[in-house]
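Below is a short note for a colleague who has not seen this structure before. The points cover helix packing and then the empty spaces in the model.

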Amino acid sequence: TVLSFFAVFAVNAVMVVIPSIASEFHMSNIVQNWAVIIFLLVVAVLSVPAGQISGKYGLKKVTIISVVLFIIISIANILVTTSEQFLLCRLILGISLAFFNVTSMAMVVSAFGPEERGKALGIVITGVYIGLSLSPVLGGVLNYQLGWRSVVLFGVPFLLATLVLILTKVDEEWITFENVPLDIKGSVSYGIGMVLFMYGFTILNEPLGVILTVLGVMFLIIFGWIELRQTYPVFDVRFFKNRKFLSSNFASLCAYLATFAVTTILNYHLQYIKGFDSQTAGIILLAAPLCQVVLAPIAGRLSDKYVPQVLAAIGMGLGTLSLILFTFLNESTSLEFLIVAMIIYGVGFGLFSPPNTNVIMSSVPPKDTSVASASVATMRTVGQAMSLGILTLVFAFVMGDVPIVEQYYPLLISSCQITCLICAALCVASVFASFVGIKSNEGV
């Protein structure tokens, strides 16, 4: 749960302080989006092989190594003097987070039986939502009082404490793929495909972007072809024959595609359009994730008793409504309107995630929990990265590659409105996807 908190904090707290980082390193609107995208891209690329690697060498061992790396690079990150160095640190932090993102969820699933799994996942996802709640506030306050480097260092003592807990309190080790060879071909083809596709997607306004996106799709098709022929695939694509697994993963992908850019949009709206400092913006941004914190454990318990896909669909229905409301944001929008829309958004996503995660993790055999956990992490990070990719792409078409200064604020507003409209459509897709696997009896 603590690791789940900092996995979110590492992304969301930095999002709040990006304007300060962009100002220090003279980043354009496109580059400052990439400060978050590069982090998520690395996590998305490595989450799938991380599932097999952690299952082969031990969930506990891999968690320890990845947390140590995260601590070291966090300390190095405060010493950077250029935007390139900052982005490099974000890349390495993404590598470490990709592993403990997968292992922390897999350890929880391995430690609890099916009758308690929803409750346990609800608690872990509460850690995620506490991270979502506190990261804007803590990030904003720390940045305002001490500068952005304090935000990067904030997690170090807590992660050190987590290391002590793992080493002294977690006696069991979980190894599910001990005698299974690593799928190098599958991992490499997946990694190349994801990098080409994700990067190409963010520059689709250029001919090179179209070429890279098509090449990325081709490599991902090759990845699927390789996996179908592997005795021990890095990711068993046959799981997608299971309607529950397929539909819930697709619903998760659409949900994160639809919602992740919202935090960036709201942060830009509050700091640029409304002129609030990072501390005040962080406090206002608390509205949505606070609702998620309250609802996550409740939704987790409910998913053990009722049809989880129905709960997930209701949640994304509320998410759709909130995104429609966000399309009306402009310089004259009242703070009251914004907060009401954020509460609806928070309630919706809080109701969606635990039941949907429970469906995914419960639809595979127990020995494959690390693979299912990798799938959850991959859908989340791919969706998050592509969500920001959509925003970046809209920026490129509407604004061009420019600094976010007052003369471009009207274009910033238009870009955010267009992005929210696209995201609302993706929310609707997530609602329909949530219903697909209800009648299926597949799962464990």
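1. Helix α2 (residues 29-57) and α10 have axes that come within 13 Å and cross at roughly 155°. The limit for calling a pair roughly antiparallel is an angle over 145 degrees, so α2 is roughly antiparallel to α10. The model in which this pair is seen is a predicted one. In handedness, the crossing of α2 past α10 is right-handed.

2. Which residues make the contact between α2 and α10? On the α2 side they are Q32, N33, V36 and L40, and on the α10 side F260, T264, Y268 and Y272. Sorted by class, the contact of α2 with α10 holds five nonpolar and three polar residues, with no charged ones.

3. Helix α10 also packs against helix α13 (residues 308-326), and the axes of these two come within 11 Å. The angle at which α10 and α13 cross is roughly 30°. Angles under 35 degrees count as roughly parallel, and α10 and α13 are therefore roughly parallel to each other. Their crossing is left-handed.

4. From α10, the residues K244, A255, A258, T259, V262 and L266 meet Q309, M316, L323 and F326 of α13. By class, the contact of α10 with α13 is made up of seven nonpolar residues, two polar and one charged.

5. A further pair is helix α1 (residues 2-25) with helix α7 (residues 156-169). Their axes come within 10 Å and cross at roughly 155°, which means that α1 is roughly antiparallel to α7. The crossing in which α1 passes α7 is left-handed. V2, L3 and F6 of α1 make the contact with F158, L159 and T162 of α7. Five of the residues in the contact of α1 with α7 are nonpolar and one is polar, while none is charged.

6. Turning to the open spaces, the largest pocket has a volume of about 520 Å³. Its lining consists of 19 residues, and those nearest the centre of the pocket are Y190, L220, F240, L253 and M379. Two or more lining residues come from each of α8 (184-202), α9 (207-229), α10 (243-273) and α15 (369-398). Helix α10, described above in its packing with α2 and α13, is thus named here again.

7. Which element gives the largest share of the lining of the largest pocket? It is α15, with five residues. By class, the lining of the largest pocket has 15 nonpolar and four polar residues, and no charged ones.

8. The second largest pocket holds about 420 Å³ of space. Of the 17 residues that line this pocket, T1, S104, M107, V108 and V170 lie nearest its centre. At least two lining residues are supplied by each of α1, α4 (83-111), α5 (114-146) and α7. Helices α1 and α7 are the pair from the fifth point, with axes that come within 10 Å. The lining of the second largest pocket divides into 13 nonpolar residues, three polar and one charged.

9. How many cavities of 30 Å³ or more does the model have? The count comes to five. The second largest cavity has about 130 Å³ of space. It is lined by 13 residues, among which F9, A10, F70, V151 and V152 are the closest to its centre.

10. The elements that give two or more residues to the lining of the second largest cavity are α1, α3 (59-77), α4 and α6 (148-153). Helix α1 gives the most, with five residues. The lining of this second largest cavity has nine nonpolar residues, three polar and one charged. Helix α1 therefore appears in three places in this note: in the contact with α7, in the lining of the second largest pocket and in the lining of the second largest cavity.

Note on methods. Residues are numbered from 1 along each chain as its sequence is written. This is a predicted model: local features need pLDDT of at least 70, side-chain atom pairs count only at pLDDT 80 or more; totals for chains, interfaces and linings use all residues. Side-chain values use heavy atoms; hydrogens and water are left out. Axes are lines fitted to C-alpha atoms, for helices over the stretch in contact, and angles run from 0 to 180 degrees between N-to-C directions. Helices (H or I, at least four residues) and strands (E, at least two) are DSSP runs, numbered from the N terminus. Angles under 35 degrees count as roughly parallel, over 145 as roughly antiparallel, 65 to 115 as roughly perpendicular and the rest as oblique. A crossing is left-handed if the near helix is turned anticlockwise from the far one by less than a right angle, and right-handed if clockwise. Contact means heavy atoms within 4.5 Å. Ala, Val, Leu, Ile, Met, Phe, Trp, Tyr, Cys and Pro count as nonpolar, Asp, Glu, Lys and Arg as charged, and the others, Gly among them, as polar. On a 1 Å grid over the protein atoms alone, a cavity is a set of points where a 1.4 Å probe fits but cannot get out, and a pocket is an open set with protein on both sides within 12 Å along at least five of seven lines; lining residues have an atom within 4 Å of a point. Grid points are joined across faces, edges and corners, and a volume is the space filled by probe spheres set on the points.
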